[in-house]
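Reader: I should like to learn how to read the features of a structural model. Might we work through several of them in turn?

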Number of protein chains: 2
Amino acid sequence: MELNGNILIAQGGGPTAVINQSLAGVVLESRKFMQVSRVYGALNGVCGILNEDFLDLSQESSSNLEQVALTPSSALWSTRDKPDGKYCTEMFQVLKAHNIRYFFYIGGNDSADTVHIINEHARQSDFEIKAIHIPKTIDNDLVLNDHTPGYGSAARFVAQAFMGINLDNKSLPGVYIGVVMGRHAGFLTAAASMAKQKPDDGPHLIYLPERVFKMENFLYDVKNTYDKYGRCIIAISEGVQDEFKKPIVTSLYNQIAKDAHGNIQLSGNGSLGDLLANEIKDKLKINRVRSDTFGYLQRSFVGCVSDIDQKEARIVGEKAARLAVLYNVNGSLTIERTGSYSVDYKLRPLQEIARKTKYMPDEFINSEGNNVTNAFREYVRPLLGSTLPAIHHLQAPRVPKILRF
Amino acid sequence: MELNGNILIAQGGGPTAVINQSLAGVVLESRKFMQVSRVYGALNGVCGILNEDFLDLSQESSSNLEQVALTPSSALWSTRDKPDGKYCTEMFQVLKAHNIRYFFYIGGNDSADTVHIINEHARQSDFEIKAIHIPKTIDNDLVLNDHTPGYGSAARFVAQAFMGINLDNKSLPGVYIGVVMGRHAGFLTAAASMAKQKPDDGPHLIYLPERVFKMENFLYDVKNTYDKYGRCIIAISEGVQDEFKKPIVTSLYNQIAKDAHGNIQLSGNGSLGDLLANEIKDKLKINRVRSDTFGYLQRSFVGCVSDIDQKEARIVGEKAARLAVLYNVNGSLTIERTGSYSVDYKLRPLQEIARKTKYMPDEFINSEGNNVTNAFREYVRPLLGSTLPAIHHLQAPRVPKILRF
């Protein structure tokens with residue numbers, strides 16, 4: 001059966017550098033279909049559905065859409081709202097009133113869950129609607145996906161940041177701690193490893209939420225590295241946990257802000273980095289210790305993007321539109337790796353994606369739990385794009401000493 | 001009188017994205033002169049002179065030098081050492097032993113002071129040497145310079161970061177505080193203003209070390225902005241001070257690390273941002289408040305550079321070499337703006353630059369002391385380079401509401 005009506009698109013959760021590529025993909029592709037009358041965009045995710053805040057993207061010029069696609073962050077703005085039953089009932093009244101037959105939600109596993117709830121609700125109602133989840137997350141933590149759009153560009157930012165940090169720290173040695181986003185999955189932090197080219201390059205140590213963080217082991221690792229190289233660069237996930245699965249940062253921070261999904265606020269403050277820096281100063285008596293929390297820079301920085309990521313984000317949008325309208329299906333679009341480097345896109349049942357988290361597999365983490373493996377580096381390399389900046393060093397020989405030998 | 005002998009180059013202080021352009025400028029230019037036998041590079045600034053740690057840059061290939069020029073951070077590594085009398089005496093023994101007749105030190109006002117001390121020492125000794133200071137600082141705080149190499153690229157990073165932050169914050173509204181480097185001068189923080197394009201864009205508030213920071217005024221400004229836009233983006237210098245010229249962050253931080261120049265450590269921790277975020281949460285009862293400290297990302301990020309900055313950094317290196325060798329002079333090379341946009345380069349006496357700090361002039365700061373003026377925006381625009389990324393927004397019209405009016 002063919003559904004004739006309007007299309008609605010929304011963006012949920014944290015923005016990425018390429019989320020508007022997926023938006024452009026859905027809009028440009030779905031406008032080609034006869035059975036689609038209008039293409040709407042909901043402002044602020046599901047929140048905009050509740051409030052009937054729609055843009056008529058049928059009237060958006062294609063050339064401007066192409067420019068918006070190159071602009072990071074969510075052009076339709078976002079939300080952290082997670083619809084419950086009542087929320088869904090109200091949304092349905094709006095969708096019905098506007099004759100929305102296809103709904104595309106670009107987001108992470110929370111958004112996949114929202115799409116799942118909407119589909120469930122549709123199944124029980126008299127109004128047929130197909131809702132499709134289009135993947136997006138810098139955390140790269142969606143199951144059944146080799147990787148997710150948004151990750152490659154954020155990973156590239158982290159890699160380029162650590163490339164610079166490594167040179168800076170080589171120039172003025174000390175201990176440097178870079179705190180990278182990642183609540184449960186360490187993929188983004190692990191991307192710091194791509195800054196390492198020469199054996200003494202940083203990051204020297206990488207700590208991920210997938211491994212129990214023990215302060216005594218951490219200090220031992222830092223001391224060893226510092227003794228060996230006279231400096232030490234650490235990449236650490238904001239979500240590193242102790243043996244009781246409690247984030248390390250909670251031991252410091254008593255009042256913890258929580259967002260609507262019950263997640264502890266790990267971003268947007270410098271607590272973890274400062275806590276670790278102070279431990280190193282106190283226990284190891286190292287004077288020059290710096291920490292930076294990459295925070296929001298890593299997910300929306302203008303001018304740092306992976307071309308592979310851009311391309312794939314566009315394609316998942318296009319594919320979602322084609323599959324939904326041509327085959328009248330719902331589900332979550334996934335990216336599977338089929339070669340080195342090639343991918344395929346498949347629609348999967350939403351219940352297999354929603355509310356689930358993908359973690360770094362064991363073969364990506366070294367046995368000491370303080371770095372990544374070459375397998376991870378091979379996995380991540382193509383995702384950073386084709387034009388990663390190169391680092392060059394002086395190659396001139398030493399001048400023989402005259403006064404000192 | 002013509003000085004025949006060797007040339008020595010070193011880099012001091014914090015690295016920049018274009019400091020190696022100046023290095024390449026000196027090396028490539030000075031290798032053309034007959035009276036120059038060898039071109040040496042001292043590793044780790046003056047420290048490398050003391051220890052006779054020299055590279056023979058006469059043997060560095062020009063094509064590799066061109067690649068190194070494109071690599072951020074100090075290729076010869078750096079130091080925070082500030083030579084005293086004894087240090088200078090020992091350096092002179094080394095310079096003499098290696099027949100160094102021209103010394104080029106690429107650095108900020110601390111490095112200018114070092115060059116001045118060396119020249120003073122030379123004048124009192126029997127060994128003639130000409131020492132030239134080549135400007136470099138992301139802080140843009142060298143007097144007699146319209147701006148300094150390194151500033152444009154760091155300013156571009158800050159502008160691009162706030163462009164993304166603005167979009168991110170528009171997508172998921174709240175209060176955002178970005179803490180930018182700048183101990184005494186607010187130029188780098190002020191560059192955040194270039195992210196603002198539309199009237200409601202952030203940064204909405206900019207606080208600089210040139211104006212007394214009062215917490216009650218700050219909270220008043222934030223509340224006003226938040227009430228007006230439902231969000232508020234703040235750019236603030238790490239060095240903002242109270243009415244007693246004490247950095248605000250010291251009221252929080254009891255144990256303060258100091259570097260060898262007696263500067264309080266303002267970078268490398270999240271204290272200021274966290275302090276301000278907590279005040280906003282407590283006093284204004286705003287829930288979503290985030291702060292990031294840009295830290296080391298802003299001065300060595302690989303892949304964010306101003307082409308104007310690159311060009312000028314190269315030219316100051318070349319000019320310094322030509323002036324020193326052809327005219328046998330010492331001093332500090334400065335950049336003067338001669339038009340919109342054009343510059344000229346002049347050699348100035350070191351004592352006019354060393355140990356002095358340039359501040360943001362009054363006409364660059366608004367009367368409320370919480371933002372910059374258009375005069376600043378006109379000043380800084382060309383320095384960011386020719387290819388600043390553009391931001392594009394959806395232009396589609398609203399869909400009329402059906403259920404809600």
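Author: We begin with burial: a residue counts as buried when its relative accessible area is under 20%. Please bear in mind that this is a predicted model.

Reader: How many of the residues of helix 9 of chain B are buried?

Author: In helix 9 of chain B, 10 of the 14 residues are buried, so this helix is largely enclosed by the rest of the structure. Among them are Leu272(B), Leu275(B), Leu276(B), Ile280(B) and Leu284(B). The buried set also includes Asp274(B) and Glu279(B).

Reader: What covers the buried residues of this helix?

Author: The cover includes helix 9 (271-284) of chain A. From chain B itself, it includes strand 6 (175-180), helix 8 (215-229), strand 8 (232-237) and strand 9 (289-293).

Reader: What span does helix 9 of chain B reach, and what follows it?

Author: The general idea is to compare the end-to-end reach with the value expected at 1.5 Å a residue. Helix 9 of chain B reaches 19 Å from its first C-alpha to its last, close to the expected 20 Å. After the helix comes Lys285(B), with a positive phi near 55°.

Reader: Strand 9 of chain B was named as part of the cover. Which way do its residues point?

Author: Val289(B), Ser291(B) and Thr293(B) point one way from strand 9 of chain B, while Arg290(B) and Asp292(B) point the other way. Five of the five residues of this strand are buried. Strand 9 of chain B runs parallel to strand 6 of chain B, and five bridges join the two. In one of these pairings, Val179(B) has Thr293(B) as its bridge partner.

Reader: How should one read a whole sheet, and in what order do the strands of the open sheet in chain A lie?

Author: One reads across the sheet from one edge to the other. In chain A, seven strands form an open sheet in the order 3-2-1-4-5-10-11, with mixed pairing. Strand 3 (54-56) and strand 11 (342-348) each have a single partner strand, so one side of each is left without a neighbour in the sheet. On average, neighbouring strands are turned by 25° against each other, direction ignored.

Reader: In what sense do strand 2 and strand 3 of chain A pair, and what lies across the sheet strands?

Author: Strand 2 (residues 36-42) and strand 3 of chain A pair in the antiparallel sense over three bridges. Gly41(A) stands opposite Leu55(A) of strand 3. Helix 1 of chain A lies across strands 1, 2, 4 (100-107) and 5 (130-135) of that chain, and runs at about 175° to strand 1.

Reader: Where does Gly14(A) lie, and what does the UniProt record list for it?

Author: Gly14(A) is in the loop between strand 1 (5-11) and helix 1 (19-30) of chain A. An unreviewed UniProt entry lists this residue under "binding site". Because its relative accessibility is 10%, Gly14(A) counts as buried. Beyond its neighbours within four places in sequence, Gly14(A) is in contact with Arg80(A), Lys136(A), Arg299(A) and, from the other chain, Leu172(B).

Reader: Is His133(B) buried or exposed, and which polar partners does its side chain have?

Author: His133(B), in strand 5 (residues 130-135) of chain B, is buried, with a relative accessible area of 0%. A polar atom of its side chain lies 2.8 Å from the backbone oxygen of Gly107(B). The side chain of His133(B) also makes a polar contact of 2.8 Å with that of Ser332(B). Other residues in contact with His133(B) include Tyr105(B), Val115(B), Leu142(B), Leu350(B) and Ile353(B).

Note on methods. Residues are numbered from 1 along each chain as its sequence is written. Chains are lettered from A and ligands numbered from 1 in the order in which they are written. This is a predicted model: local features need pLDDT of at least 70, side-chain atom pairs count only at pLDDT 80 or more; totals for chains, interfaces and linings use all residues. Side-chain values use heavy atoms; hydrogens and water are left out. Helices (H or I, at least four residues) and strands (E, at least two) are DSSP runs, numbered from the N terminus. The expected span of a helix is 1.5 Å times one less than its number of residues. Buried means under 20% relative accessible area, exposed over 50%, partly exposed in between (1.4 Å probe, protein chains only). Contact means heavy atoms within 4.5 Å. UniProt positions are given in the numbering used here, feature names are shortened, and annotations may be inferred rather than shown by experiment. Two strands pair if DSSP finds at least two bridges between them. Axes are lines fitted to C-alpha atoms, for helices over the stretch in contact, and angles run from 0 to 180 degrees between N-to-C directions. A polar contact is a pair of N or O atoms within 3.5 Å; within protein, one must be able to donate a hydrogen and the other to accept it, and residues adjacent in sequence count only if both atoms are side-chain atoms.
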